[in-house]
Each structure stands twice: as structure tokens, then as C-alpha cells.
Amino acid sequence: MSLTMLPPAAERAPAAPAPRDRFIDVLRVFGMVLVVVQHWTMPVLSYAQGRLTTGNALAAIPYVTWISQVMPLVFFTGGAANAISFRSAARRGGTAREWTARRVRRLAWPVVPLAVVWLPLPHLLTALGVPAQPVEVAARTVGQLLWFLAVYLLAVVTTPRLLRMRAGVVLPVLAGGAVLTDVVRFSGLEAAGYLNVAFVWLAVHQVGFRYAEGGLEWLRGRRAAGLAVAGFAMVAALVATGPYPSSMIGMPGMISNMAPPSACLLALFAGQLGLAMLLRPAVNALAARPVAERVLTALAPHMMTIYLWHMTALVAVAGVAVIGLGLTPTAGSAAWWSAAPPCLAALALVLVGLTALLGRFENPAGAAAHRHVPVAVPLMGGALLTLTITGFAPGPAPVIASVALGAGLALVSRPAAAAPRRR
């Protein structure tokens, strides 16, 4: 069973505004929380003579990543959310450019406080006597998270056009492009693999469109179970016979399924989608409970802040534990397992504080301006891509990128209207 062979969606008139889809909310929150927990648990750190070395605890159990690598589901939920949002805006008479301006502005605005903190922080830490190498590792790692925003910016910008195209045409083209890209990549031209940043993630995003328009209602029960089995079986076959590694996250010194993304992630997504749709009735029932509703209401509006700042929380806690106290237990040892709960609790506490302080940046003041979107989007995209590569390590590139990001945001923003004076 293949995602490119989904039954064509029936032609239908634009639907009336629908209530919020809690299944998509649960997948989005679950996905981001799992990303955060995975990032917090997989580093294996050691520190000696002013140098920090890093390893990956999941290297010994790579098959766990077939479930824990949930970025395909995150892009799927993003596609569904973008389709719902765009069609809602269109019903109100909004244009594609107006919608794009609002979405990209809200996407990029939370990066501003991250840049404000992290551009000077490496200089401050080294001035306080922290060795330069660990500081640079931390500054680069924090910036690497921005790859998601750079790719999601592409997904947002292409949404209005791709929504007008037939999924039965677009999905085979994107999936076929991903496979062809891998053929070229594994024939020796490694750089060609980065074309799959578009092919893989836009394909997954496009399936989210199908969900939003009701095109996946057939995927339940045995059909969902069949897709899950077929997807994970295809992953197993690709790992067993092809050049694909068993880990769905990048591992040092190995071919990566993530950087650049490989077509193997499409098979992984098929398995995860089938499993998610199989569990959809249970998920909806759980989301309807008051406690789950309160958790979703608390977390959903702040997921971007949680994502952007969870590595800063890790840097703070690991800096104290590893560099300050010299705690470097061997991964999987009794000491490592006993230290995990208090470490996770400390990380969560720091992240809660950061989210409470900075969560308001997910709702920028003023209003969106759409006139200069064609100029603003390349500026913001280039800035996010540069920060992904360089992080916030000392040097001119992060500064220039941050200025470009600010310029792009200024082009899609206008100040709130001044309140009328009282006479």
C-alpha cells in the first residue's frame, strides 16, 4: 500500500467552518513533546580538559527511532492545519498573500527572542570563564533546531498553490522525486540529497491536506492497520537491502535518513500514519476528557516556544551537571538511569519557566502586512537556513542572519493602530 495510491478525493463544495480537530491537536502536541524528550535523553556527554564530546544514547537501540522519529507526523499535522486555516481565510474573503503574511510572521516571530538571547550569550559565557569549545557546541546546537522552521516556511508559502492542485498528481510527483533523488544521492552525489528537503516534507505535508478535506476517512480499522504494517515492513525492507541505516535520526559517522531526508522517511510516515489513524477513535475519546482538554489547551498555544527553547534548557542543566559538577555517567548504566528522572524534572522546570516568560512571542503585536511578502520570505528563509548551519556561534554570519530575519519580519508587519484620543 502506498500513499501515492490513495483514493482520489471526491469533488466537494467548500465546507462550512468545522470545530477544532482535536486529533490533529493531540498529534501535534504529542509529536513535539516526543521530540523534546528525545532530544533531552539521547545526548551522551563527557567533559575533559576544556572540551565537550557528545554521543548518542540511541545508537545502541536504533529501532526505537521508528516510533520516536515523529517529524513526519508533525509535518502531516502542519499540512492539515495549514489547509484548514487557508480555506477558512478564503471563506472570509482573504487573499493568499494576506494569509501567507500572517502565517510566516507568526512562524518567525518567536525566533527574535532566541536571537536576542543567544547572539550575546556565547561572548558573555566565555568572558565569565566558561571554556570556548563547550560554548560553541551549545550555540551551534541551539541554532540547528531552526531547520524545522526553514522547511516549514517553504511548506507555508507553497500551501495556497498546492491546495489548488490534485493530490493524485502532486503526491506521485513528490514521492517519485524523493526516490529519484535518493538514487542520485547514493550513486555518489551526496549534495543532491538535499532536494529531498522539498520532496519528502512537502509530500507528507500534502497528505495533511487530504486529511483536512476528508480524504482519509476511509483509512480506519483494517485499512489503517494494513497501511501501518505495509509502511513499517517497507522500512524494514529498505534498511535490510538498501543503503538506508536502521536509525531514523542522524548518528555520528553514518549515512543519515534525516540530514538530508531520505525516501525511507516516506515509508516510515506510511507506517506511522496507519498506526495513528487506527488509534484515532481512542485518541478522540481521550481528547474529549476534561483533563486531556486542559492539557491540550495549556500546551497547544506554546508548542513553538517549547520547541525553540528546549535545547536552551538542556544547555543550562547540562552545563551545571557536566561542566560544573562533573556528572558524566555511562549511557545505560545504573547511575545513568538513576540520574534520568531528576534531570528530566530539572529540564522540565527550566523549560516551563522559559515558556512562561517567552510564550507571548507566539502572538506578535500589531498586524500582518502582505504587500512585501515576495521580498520578506526569501529574507526570512535565508536567515533561518543560515542560523541552522552556523547556529549562534560567535562570528558575523549569525548576526547578519538575525538582521535579515528582523528585516523580513518588518516587511510583513505593521504597528497596531493607535487608539483614538479622548477629547
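I count a salt bridge where a side-chain nitrogen of Lys or Arg lies within 4 Å of a carboxyl oxygen of Asp or Glu, and by this rule I find eight salt bridges. The model is predicted, and local features need pLDDT of at least 70, side-chain atom pairs count only at pLDDT 80 or more, while totals for chains, interfaces and linings use all residues. Residues are numbered from 1 along each chain as its sequence is written, and side-chain values use heavy atoms, with hydrogens and water left out.

**Salt bridges**

I looked up Glu-293 and found a salt bridge with Arg-22, the closest N and O atoms being 2.6 Å apart. Glu-293 lies in helix α14 (residues 290–299) and Arg-22 in helix α1 (residues 22–41), so the pair ties together parts 271 residues apart in sequence; helices here are DSSP runs of H or I with at least four residues, strands are E runs of at least two, and both are numbered from the N terminus. Glu-293 is partly exposed at a relative accessible area of 30%, where buried means under 20%, exposed over 50% and partly exposed in between, with a 1.4 Å probe and protein chains only.

I then checked Arg-140, which forms a salt bridge with Glu-136, the closest N and O atoms being 3.0 Å apart. Because Arg-140 and Glu-136 are four residues apart in helix α7 (residues 132–144), about one helical turn separates them. Arg-140 is partly exposed, with a relative accessible area of 34%, and Glu-136 counts as partly exposed at 35%. Salt bridges that share partners also join Arg-22, Asp-25 and Glu-293 into one network.

**Core and buried residues**

I noted that the largest nonpolar core (buried Ala, Val, Leu, Ile, Met, Phe, Trp, Tyr and Cys residues joined through side-chain atoms within 4.5 Å) has 112 residues, and that Phe-76, Phe-148, Leu-149 and Tyr-307 have the most contacts inside it. Helix α15 (residues 303–324) gives the most to this core, with 11 residues.

Thr-312 is also found in helix α15, and I recorded this residue as buried, with a relative accessible area of 11%. The side chains of Thr-312 and Trp-118 are joined by a polar contact of 3.0 Å, that is, a pair of N or O atoms within 3.5 Å, of which, within protein, one must be able to donate a hydrogen and the other to accept it, residues adjacent in sequence counting only if both atoms are side-chain atoms.

Finally I looked at Leu-58, which lies in the loop between β2 (51–56) and α2 (65–68) and is buried, with a relative accessible area of 10%.
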